Amino acid sequence: MLTCLLMGCAPAPAGSVSPATAPSNTVAIDRPLVIFVGVEPSTVATRGLVQKGAGLHAALRIFNALPALVDDKGIPRPELLASLPALNTDTWQVFPDGTMQTTYTLRPNLTWHDGAELTSDDFVFSWHVYSSPDLGIAGQAPMSLMSDLQAVDREHFQIHWKQPYADAETLSLYNSELPALPKHLMGAAFDQIATSGGDVFATNSFWGPQYVGAGPYRMQQWETGGFVEGIGFDKYPLGAPKISRVRLRFGNDQNVVMANLLSGDAHVATDSSIAQAAEELRAQWAQSKAGSVFRWPNAWHSTTFQLRPEVANPRAVLDLRVRKAIAHSIDKQGISEAVYAGQGIIADTPIWVGSAWGAALDDSIATYAFDPRATETLMTEAGYKKGGDGVYSGPGGRLSLDLGTSQNPDFVREILVMADGFGNAGFEIQQRVVPSALAQDGQLRASFPALFTSNTNLGESALNYMAIKQIPSQANRWVGGNRGGWVSPEFDRLLATFNMTLDREGRLQLVRQMLRVHAADLQSVSLFFSAQPFAYVNSLKGPANAVPESNLTWNVHEWEWTA
């Protein structure tokens with residue numbers, strides 16, 4: 001798999017995007033592109049003001065344009081920008097006092113989906129919105145690192161940074177984006193925050209069915225519980241999409257998704273919409289030659305501990321020895337055999353060897369192999385012993401742990417296997433599955449009592465999710481990836497230094513140190529790197545595998561029908 005990701009022709013220069021030349025076998029077909037995604041998004045905004053959840057790559061990409069996008073080789077390419085800032089030039093300056101300034105040039109004649117002009121003023125407005133203390137996310141990157149954003153003219157803006165920031169080049173890192181926002185639509189509503197409050201602004205219909213972006217497709221219809229439909233945007237800066245209409249359908253019922261793909265009523269399944277049925281679909285398509293299935297390692301699958309003292313129940317999970325004991329009782333290989341036909345990519349950290357920071361991995365990072373004896377030793381040290389029924393009891397009485405996950409078929413099967421293993425190790429387990437309809441309820445996802453198994457983006461994004469500022473709370477409308485409430489000043493210090501460091505070798509060393517801290521304090525147990533199935537019909541040209549830092553729909557505007 002790693003070989004497949006790394007092989008290929010040399011990438012195009014970072015400052016250019018060449019439109020695909022239609023081969024002779026492509027034909028003009030007025031057929032909508034139907035894409036299944038696992039859950040209905042709460043918003044299609046790249047950076048909404050409510051928890052957007054994981055696994056919404058297609059929905060976010062289709063309706064949005066960012067300053068830059070990351071291609072399948074991991075190379076950043078200008079999207080709204082005419083070119084990317086270059087370090088040690090007039091466009092990216094680092095000053096002796098440790099501050100920094102970057103200058104951005106927009107492509108000429110940019111427009112929003114409603115036809116209004118998109119200018120540098122929309123980035124100034126976006127900065128004011130996302131850095132507003134009334135909206136709860138001002139402490140997150142990149143807003144927390146910026147001292148000012150000013151428009152130079154309609155096509156140029158400058159950011160003054162409090163410190164060096166390596167991802168200033170693109171402003172498009174997942175979960176650390178600075179997207180433009182349409183001031184002409186939302187300016188008046190934002191001006192009313194002082195009187196109406198942040199909640200009114202955050203729940204404005206703009207963030208839902210009336211969303212206006214600048215991506216390859218503009219929203220035409222949002223049928224709650226059913227689909228979102230988009231029309232190709234002919235003024236998209238990288239060229240009008242070759243397929244004129246797209247429909248996102250929501251659902252992960254494997255029989256429904258598979259039936260639609262086999263019948264040709266749907267053309268793509270991604271973002272957790274197809275899981276255990278992927279191999280059956282592959283087998284059927286191998287006979288008919290009607291479609292293809294590949295797996296994209298793009299998510300870190302882990303079991304997070306609840307570390308908020310006021311929420312944790314039982315409080316035993318706050319004891320590092322108990323957390324380590326639980327980690328040693330998880331048989332990852334056994335789960336892989338039972339759930340993933342032995343094909344699970346076992347993880348010990350949030351960093352995959354095939355991702356951008358894979359070189360940081362070494363033996364200095366603690367791991368927790370399946371070891372029942374270590375579990376027993378640690379539990380004894382923590383003051384627990386097994387009763388006659390084989391279940392641990394201790395200072396708080398009988399130890400019963402809640403193990404939750406979301407309603408993904410593989411995840412449900414997985415916690416059944418995990419619960420059986422925990423039982424054999426001496427832990428009583430109460431299983432809980434969060435329905436798909438509540439999968440993006442930020443408060444619910446952050447309020448689990450003991451253990452919760454889920455996916456998040458791997459690599460650099462996963463590290464940023466662990467910051468103290470990423471702890472969801474009522475104050476930030478439960479937005480943030482640190483759902484277990486982990487507090488580590490040392491990790492935050494290293495993360496801040498990482499985000500300030502510009503040379504790659506220095507950043508690599510900091511990633512290694514962060515992984516050591518994370519493993520030593522055991523904020524979560526790494527399980528697997530989820531290789532998400534992506535299925536598409538062979539009459540569709542354009543989809544291909546990509547590095548984890550990219551998005552499988554990064555080039556959706558170039559997809560086209562061949563038959």
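## Around the second largest pocket

E13, helix H10 (332-339), H12, strand E20 (451-457) and E21 each supply at least two residues of the lining of the second largest pocket. Keep in mind as you look around that this is a predicted model. The largest share of that lining, 6 residues, comes from E21. The second largest pocket holds about 930 Å³ of space. It is lined by 44 residues, and those closest to its centre are Ser 272, Asn 408, Phe 411, Asn 455 and Ser 530.

H12 also belongs to another arrangement: together with E18 and E19, helix H12 makes a right-handed β-α-β unit. The two strands of this unit, E18 and E19, run parallel and are joined by 7 bridges. One pairing to find on screen is Leu 401 with its bridge partner in E19, Ile 429.

| Element of the β-α-β unit | Residues |
|---|---|
| Strand E18 | residues 400-406 |
| Helix H12 | residues 409-425 |
| Strand E19 | residues 428-434 |

Now to helix H8, residues 278-288, where Ala 278, Leu 281 and Trp 285 are buried. Why do they lie on the same side of H8? They cover an arc of only 60° around the axis, which puts them on that one side. The spacing fits a general rule: an α-helix has 3.6 residues a turn, so residues three or four places apart point the same way.

What covers the buried residues of H8 includes helix H7 (254-263), strand E13 (291-305) and strand E21 (524-537). Of these, E13 and E21 also each supply at least two residues of the pocket lining described above. Just after H8 comes Lys 289, whose phi is positive, near 60°.

Definitions and conventions:
Residues are numbered from 1 along each chain as its sequence is written. This is a predicted model: local features need pLDDT of at least 70, side-chain atom pairs count only at pLDDT 80 or more; totals for chains, interfaces and linings use all residues. Side-chain values use heavy atoms; hydrogens and water are left out. Buried means under 20% relative accessible area, exposed over 50%, partly exposed in between (1.4 Å probe, protein chains only). Helices (H or I, at least four residues) and strands (E, at least two) are DSSP runs, numbered from the N terminus. The arc is that of the directions from the helix axis to the C-beta atoms. Contact means heavy atoms within 4.5 Å. Two strands pair if DSSP finds at least two bridges between them. A crossover is right-handed if, with the strands pointing away from the viewer, the path from the first strand over the helix to the second runs clockwise. On a 1 Å grid over the protein atoms alone, a cavity is a set of points where a 1.4 Å probe fits but cannot get out, and a pocket is an open set with protein on both sides within 12 Å along at least five of seven lines; lining residues have an atom within 4 Å of a point. Grid points are joined across faces, edges and corners, and a volume is the space filled by probe spheres set on the points.
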